[in-house]
Amino acid sequence: MTGFKGYVVVAVLASVLLVAGCAPVSANGAATSTPVETSNPSPGVSYCLPSITEVVETVQPAVASIVVGAVGYNIFLQPVPTEQAGSGVIIDPRGYIVTNNHVVEGATSITVSIPDGRSFDATLVGTDPLTDLAVVKIEGSNLPTVDFGDSSRLKVGQWVVAIGS
């Protein structure tokens, strides 16, 4: 999933967990109708390996590449412009994006790009350094979104997918 403007984009925050269903696969990765026998200490035990293809295809349109302009300091303690990048996910059709606080901390400018090729200037809505979460907002129409998963439905041992940069 390399993408726009040379940035690698694969993102969804852990708070937007999607549970991948159990899809048996063969050794070459193709879907099969029966579980795959794997070499393991318990002969005869089959393990069903999850396919995350559907999760990635569902989430990918709402993945945002975030480039932040900031001010750093050189070895002479003079301010110099810097750029850092991260990712986020569009959670609301009005343009709200969840990202990490460390991505936008100290931002002087925020630019968001999405996989359909559009780029937007973004504004910082709020941050929570303690949980390392932040929300930025873009102005756009027909924005793809991702719904939050229901973590109360997860069980210990289930496969989950968290995609991020």
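# A tour of the strands and their hairpins

Select strand β7 and strand β8 (residues 133–138): the two run antiparallel and are joined by 6 bridges. Strands here are DSSP runs of E with at least two residues, helices are runs of H or I with at least four residues, and both are numbered from the N terminus. Two strands count as paired if DSSP finds at least two bridges between them.

The model is a predicted one, in which local features need pLDDT of at least 70 and side-chain atom pairs count only at pLDDT 80 or more, while totals for chains, interfaces and linings use all residues. Residues are numbered from 1 along each chain as its sequence is written, and side-chain values use heavy atoms, with hydrogens and water left out.

**First stop: β7 and its two neighbours**

Within the pair already selected, display Leu124 and Val136 in β8, which are bridge partners. The hairpin of β7 and β8 has 4 residues between the strands. Select Asp132 in this loop. Its phi is near 60°, a positive value in a residue other than glycine. Is Asp132 buried, exposed or partly exposed? Asp132 has a relative accessible area of 22% and is therefore partly exposed; buried means under 20%, exposed over 50%, and partly exposed in between (1.4 Å probe, protein chains only).

Next, add strand β6 (residues 107–113), which pairs with β7 (residues 119–128) in the antiparallel sense over 3 bridges. Thr111 stands opposite Asp121 in β7. This hairpin has 5 residues between its strands, and Gly117 takes a positive phi near 100° there.

**Second stop: β3, β4 and β5**

Now select strand β3 (residues 63–73) and strand β4 (residues 79–90), an antiparallel pair joined by 11 bridges. Val71 faces Pro81 in β4 across this pair. Of the 5 residues between β3 and β4 in their hairpin, which one has a positive phi near 60°? The residue is Leu77.

Continue to strand β5 (residues 96–99), which runs antiparallel to β4 and is joined to it by 3 bridges. Here Val89 stands opposite Val98 in β5. The hairpin of β4 and β5 also has 5 residues between its strands, and Gly95 takes a positive phi near 100°.

Display Asp92 in the loop between β4 and β5. Its relative accessibility is 16%, so Asp92 counts as buried. The side chain of Asp92 reaches the backbone nitrogen of Arg94 at 2.7 Å.

**Third stop: a charge over a ring**

Select Lys137 and Tyr96 together. The charged end of Lys137 sits over the ring of Tyr96, 5.2 Å from the ring centre. This description requires NZ of Lys or CZ of Arg within 6 Å of the ring centre and within 35 degrees of the ring normal.

**Fourth stop: after the last strand**

Move to Asn142, in the segment after β8. Its phi is near 50°, again positive in a residue other than glycine. With a relative accessible area of 72%, Asn142 is exposed.

**Final view: the whole chain**

Clear the selection and show the complete chain, which has 2 helices and 8 strands. From the N terminus on, the order is β-β-α-β-β-β-α-β-β-β. Buried residues make up 32% of the 165 residues. Among contacts (heavy atoms within 4.5 Å) with a separation of 6 or more, 62% come from residues 24 or more positions apart.

Terms used. Polar contact = N/O pair within 3.5 Å; in protein donor to acceptor, adjacent residues only side chain to side chain.
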